[in-house]
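Open the model in your viewer and get ready to select residues. The tour moves from stop to stop, with something to pick at each one.

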Amino acid sequence: MSLLDDVAERDGWRCWVCDEPVDPDKSVNDPQGPSVDSRTADRKAKVAERLAHRGCNTRKGAVKAVIAWPDRLYVVEPAPLIAVAARLERKGGREMVGRCPTRQDAQEAADWLVDRFSRLVPGLPVTAGIEAGGGQFLVILATGHR
């Protein structure tokens, strides 16, 4: 099996950047085709290669990759998730990632974050909590040190 196949199988044929499925039958030269991406320049990282669409990988080379929050979530001042993932992976702890006007909005964001982080940083046990304060609800991601 090639490196591409190994990485793709491990990542469930999902692009780490956009979190959309990658078609294994597309050409590696097609923007929607599969490619192997080095997610981090840190050689000590446990997961150095990740699956990405060719277009996501190429675009990431020109501009800093951004994990988009879904439009369906109502989150004020959402945190940049790649930076949050890097900090939690490096030192663990807790980090506030957004504010929501209702508990239901916060719960929807928390559920999405736990699911998204399971693919963004496989093997990092992330939990999400909600804390009320100042008439809003804070979404907090937490993990133990790895």
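What follows is a short walk through a predicted model, with aromatic rings first and salt bridges after.

**Stop 1: the aromatic pair**

How many aromatic pairs does the structure hold? There is 1. Select W69 and W112 to see the pair. The arrangement is tilted, with 40° between the planes. Centre to centre, the rings of W69 and W112 are 5.5 Å apart. Now show the backbone around them. W69 sits in the loop between α2 (54-62) and α3 (81-91). W112 belongs to helix α4 (residues 103-120). The pair links distant parts of the chain, 43 residues apart.

Are these two residues buried or exposed? W69 has a relative accessible area of 15%. W112 has 12%. The cut-off for buried is under 20%, so W69 counts as buried, and so does W112.

**Stop 2: D11 and R50**

Next come the salt bridges, and the structure holds 9 of them. Side chains of opposite charge can pair when their charged atoms come close. Select D11 and R50 for one such bridge, at 3.3 Å from N to O. D11 is in the loop between α1 (3-10) and β1 (34-38). R50 is in strand β2 (residues 49-53). The bridge therefore ties together parts that are 39 residues apart in sequence. Both D11 and R50 are buried.

**Stop 3: D19 and its partners**

Move on to D19. Where does D19 lie? Look in the loop between α1 and β1. D19 is buried, with a relative accessible area of 10%.

Add R116 to the selection. The side chains of R116 and D19 meet in a salt bridge of 3.7 Å, N to O. R116 lies in helix α4, so this pair joins parts that are 97 residues apart in sequence. R116 is buried, as is D19.

Now add R119. D19 forms a salt bridge with R119 too, and their closest N and O atoms are 2.5 Å apart. R119 is also in helix α4, so the pair ties together parts that are 100 residues apart in sequence.

**Stop 4: the network**

Which residues are linked with D19 in a network of salt bridges? Keep D19, R116 and R119 selected, then add R14 and D115. These residues are linked in a network of salt bridges.

Finish by showing helix α4 alone. W112 from the aromatic pair is there. R116 is in that helix, and R119 is there as well.

Conventions:
Residues numbered from 1 in each chain as written. Predicted model: local features only at pLDDT ≥ 70, side-chain atom pairs only at ≥ 80, totals over all residues. Heavy atoms only, no water. Phe/Tyr/Trp six-rings, centres within 6.5 Å; stacked < 30°, edge-to-face > 60°. Helix = DSSP H or I, 4+ residues; strand = E, 2+ residues; numbered from the N terminus. Buried < 20%, exposed > 50% of the residue type's maximum accessible area, 1.4 Å probe, protein only. Salt bridge = Lys/Arg side-chain N within 4 Å of Asp/Glu carboxyl O.
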